[in-house]
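User: Could you take a close look at one part of this model for me, namely the loop that holds a residue with an unusual backbone angle, and then work outward from there? I'd like one connected walk-through, please.

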Amino acid sequence: MIATSLWKQLKNLVDCDKKTTMLAEEIKDLGKLIQQDLQALEQQAKTYAAQKTLLLDKQKAIHAAELQVNTLKDKEQHKRKQLETAKDQKIYKGLEKEIHSCNTERNELEERLMQWWHDIEILKSATETAKQTHEDQTQRLENDITHKKTTLASCEAALQESVATRINVIKDVPAEWLTRYERMRHSVNDPIVSTVHGSCSACYYAVPFQDLSKLKQGELTICRNCYRFLYYDDQAGQNASTAA
Ligand SMILES: [Zn+2]
């Protein structure tokens, strides 16, 4: 009777360990995915900030150029007034030259400003698009992170539960079987298998008669070929016979 429950206990242990491993992997993957989302969020913010800087720099440049145009206008006006009262031919020529130079510089600046005003409209529109993209993607990433964190929290809770279950499951498993199991679980995925038609269901090695009769009494044996734990499941045996 105790032996019968042993294979069931071990099977529970296998299930429990598989679940724990699966949960641990899921937690690891979720952690990575959250990290990727956070990096994407950071990148997104940087891209938008760079676009805003482009716009701001252009606005500053325009403002500076506009001020310069006004300064040149004032200077030109001042020189023209001086010109009206100039008595000396040399001074007159000099002022004319200065006015011409102011005028040329102002024209160049105004030409540049025309281009910049055109540029800034394009930049404003691009920044508006970038803002929309930034807001949409930020929202999407933040939702994604929240969702993943919720999943992560439930995985972590399930993992804790699984660890607690294991303590309960191994409580009645004899130490020698536990040691054997610990050795086996890292080499195969299915350390405990049933016998089907008198053979190991994993490697199909025929179970010797004396082992088979022990199995039928509910004992646990070890496959002499693949070293997996073998058990005999009455119900499964019947099902297999019916299927065959
Ligand atoms: Zn086997």
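Analyst: Let's start with His197, which sits in the loop between strand 1 and strand 2. Bear in mind that this is a predicted model. His197 isn't a glycine, yet its phi is positive, at about 50°. The loop belongs to the hairpin of strand 1 and strand 2, with 2 residues between the strands. Is His197 buried or exposed? It counts as exposed, because there are 12 C-beta neighbours inside 10 Å, and 12 or fewer is the cut-off for that class.

Now the two arms of that hairpin. Strand 1 covers residues 192-196, and strand 2 covers residues 199-200. They run antiparallel and are joined by 2 bridges. If you want a specific pair to click on, Val196 has Ser199 in strand 2 as its bridge partner. While His197 is exposed, strand 1 is mostly covered, with 4 of its 5 residues buried.

A bit further along there's a second case of the backbone feature. Tyr204 also isn't a glycine and has a positive phi, about 65° this time. Its place is the loop between strand 2 and helix 4, the latter being residues 209-216. Tyr204 counts as exposed too, because it has 12 C-beta neighbours inside 10 Å.

Stepping out to the sheet: what order do the strands take? The 4 strands form an open sheet in the order 2-1-4-3, with mixed pairing. The parallel part is strand 1 with strand 4, which pair over 3 bridges. There, Val193 stands opposite Leu230 in strand 4. On the other side of strand 4 in that order comes strand 3, which runs antiparallel to strand 4 and is joined to it by 2 bridges. One pair to look at here is Ile222 with its bridge partner Phe229 in strand 4. Strand 2 and strand 3 (221-222) are the edge strands; each has a single partner strand, so one side of each lacks a neighbour in the sheet. That puts strand 2, one arm of our hairpin, at an edge.

The sheet strands also feed into the largest nonpolar core. That core has 16 residues, and the ones touching the most other members are Leu10, Ile192, Cys200, Phe229, Leu230 and Tyr231. Which elements supply at least two residues each? Helix 1 (2-85), strand 1 and strand 4 (229-231) do, and helix 1 gives the most, with 4 residues. As a general point, nonpolar side chains tend to be buried together in soluble globular proteins.

Tyr231 is a handy residue for seeing how the pieces meet. Ignoring neighbours within four places in sequence, Tyr231 is in contact with Trp7, Ile192, Ser194, Leu215 and Leu220. Ile192, in that list of contacts, is also one of the core residues that touch the most other members.

Now zoom out to the whole chain. There are 5 helices and 4 strands, and along the sequence they follow the pattern α-α-α-β-β-α-β-β-α. The radius of gyration is 42 Å, well over the 18 Å that the globule rule gives for 244 residues, so the chain is more spread out than a compact globule. In box terms, the C-alpha atoms fill roughly 135 × 35 × 30 Å along the principal axes. Buried residues make up 11% of the 244 residues. Still, among contacts with a separation of 6 or more, 70% are between residues 24 or more positions apart.

The domain split is domain 1 at 20-170 and domain 2 at 175-243, and their C-alpha centres lie 68 Å apart.

For a contrast with the hairpin, try Arg106 in helix 2, which covers residues 89-170. Arg106 is partly exposed, because 18 other C-beta atoms lie within 10 Å. Not counting residues up to four places away in sequence, Arg106 touches Val69, Leu72 and Lys73. Along the sequence, Arg106 and Lys124 are 18 residues apart, and in space the C-alpha to C-alpha distance is 26 Å.

So, back where we began: His197 lies in the loop between strand 1 and strand 2, and strand 1 pairs with strand 4 in the parallel sense.

Conventions:
Residues numbered from 1 in each chain as written. Predicted model: local features only at pLDDT ≥ 70, side-chain atom pairs only at ≥ 80, totals over all residues. Domains from an automatic or database assignment. Core = buried A, V, L, I, M, F, W, Y, C linked by C-beta atoms within 7 Å. Buried ≥ 20, exposed ≤ 12 C-beta atoms within 10 Å, placed from the backbone. Contact = placed C-beta atoms within 7 Å. Rg over C-alpha atoms; globule rule 2.2 N^0.38 Å. Pairing = 2+ DSSP bridges.
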